[in-house]
Amino acid sequence: MTLTASRALLCMVVAATLSACTLFPDRPANRIFQLPASTVEESITDNKPFSTTLRFVTPLAEGPVDSSRILVKPEGNEIKAYQGARWSKKSPILVRDQLIDAFRRDGRFAGVLTGTSPARSDLTIAGELNVFQSEYQDGMPVALIRLDLHLIDERTRNTLASKRFEYQHPATGEQVEAVVEAFGEASSALAREVIRWTVEQRP
């Protein structure tokens, strides 16, 4: 092959490469959202904190709920996801971490542990996250969380109580940022009710 032919071939390869980059550009990076911080405040009580230690197990989830996608049901029974946006963690982990933070903020339990902590606990909260999505109601998205929880006595392994918690909060707009804020409000309301329930059911 002559030098001229080699140069011509090289130019063709470069041109083809540039053409491919133009036709197939890199996808933009996803926007990653954290669940807004819990607004649960420290409990005001004249009594000393409970001696009880509480453990949280990551709730079970199936299908699209067990993912980091920000889910939305615009109409009917079809579930979609906001394009180019996702949660910083899978939804069950977000809910677990939010509840742990809320209980620690409340301050009435001697210790609040994760499911993988090697420390011993008196009670365990486990359950299933069934819904973590926004749904359109009257033309606007509403953040919806549905969580089934079980309070377990670690000493006997008996289930002390079970309850379904469901909270929703309307978004102020259709933008994903507004939907994320609505999830923050719904999860804080959920946490307050879970704390109240746990305090009432503990031995």
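Helices (H or I, at least four residues) and strands (E, at least two) are taken here as DSSP runs, numbered from the N terminus. The structure is a predicted model, in which local features need pLDDT of at least 70 and side-chain atom pairs count only at pLDDT 80 or more, while totals for chains, interfaces and linings use all residues. Residues are numbered from 1 along each chain as its sequence is written, and side-chain values use heavy atoms, with hydrogens and water left out.

On these terms the protein has 3 helices and 8 strands, which follow one another along the sequence as α-β-β-β-β-α-β-β-β-β-α. Of its 203 residues, 41% count as buried, that is, under 20% relative accessible area, with exposed meaning over 50% and partly exposed in between (1.4 Å probe, protein chains only). Among contacts (heavy atoms within 4.5 Å) with a separation of 6 or more, 70% join residues 24 or more positions apart.

Turning to the salt bridges, each a side-chain nitrogen of Lys or Arg within 4 Å of a carboxyl oxygen of Asp or Glu, the structure holds 12. One of them brings together the side chains of Lys-73 and Glu-135, at 3.6 Å from N to O. This pair links distant parts of the chain, since Lys-73 lies in strand β3 (residues 69-73) and Glu-135 in strand β6, 62 residues apart; both Lys-73 and Glu-135 are buried.

A further salt bridge joins the side chains of Asp-106 and Arg-108, at 2.8 Å from N to O. Asp-106 counts as buried because its relative accessibility is 5%, whereas Arg-108, at 21%, counts as partly exposed.

In helix α3, Arg-196 forms a salt bridge with Glu-200, and the closest N and O atoms are 2.5 Å apart. Arg-196 and Glu-200 are 4 residues apart in this helix, about one turn, and Arg-196 counts as partly exposed because its relative accessibility is 36%. Both residues belong to a network of salt bridges that also includes Lys-163 and Glu-193.

What remains is the lining of the second largest cavity, to which Leu-35, Val-95, Gln-98, Leu-99, Ser-187 and Leu-190 contribute (a cavity being a set of points, on a 1 Å grid over the protein atoms alone, where a 1.4 Å probe fits but cannot get out, and lining residues having an atom within 4 Å of a point). The elements that give two or more residues to this lining are α2 and α3 (176-201), and α2 gives the most, with 3 residues.

Methods. On a 1 Å grid over the protein atoms alone, a cavity is a set of points where a 1.4 Å probe fits but cannot get out, and a pocket is an open set with protein on both sides within 12 Å along at least five of seven lines; lining residues have an atom within 4 Å of a point.
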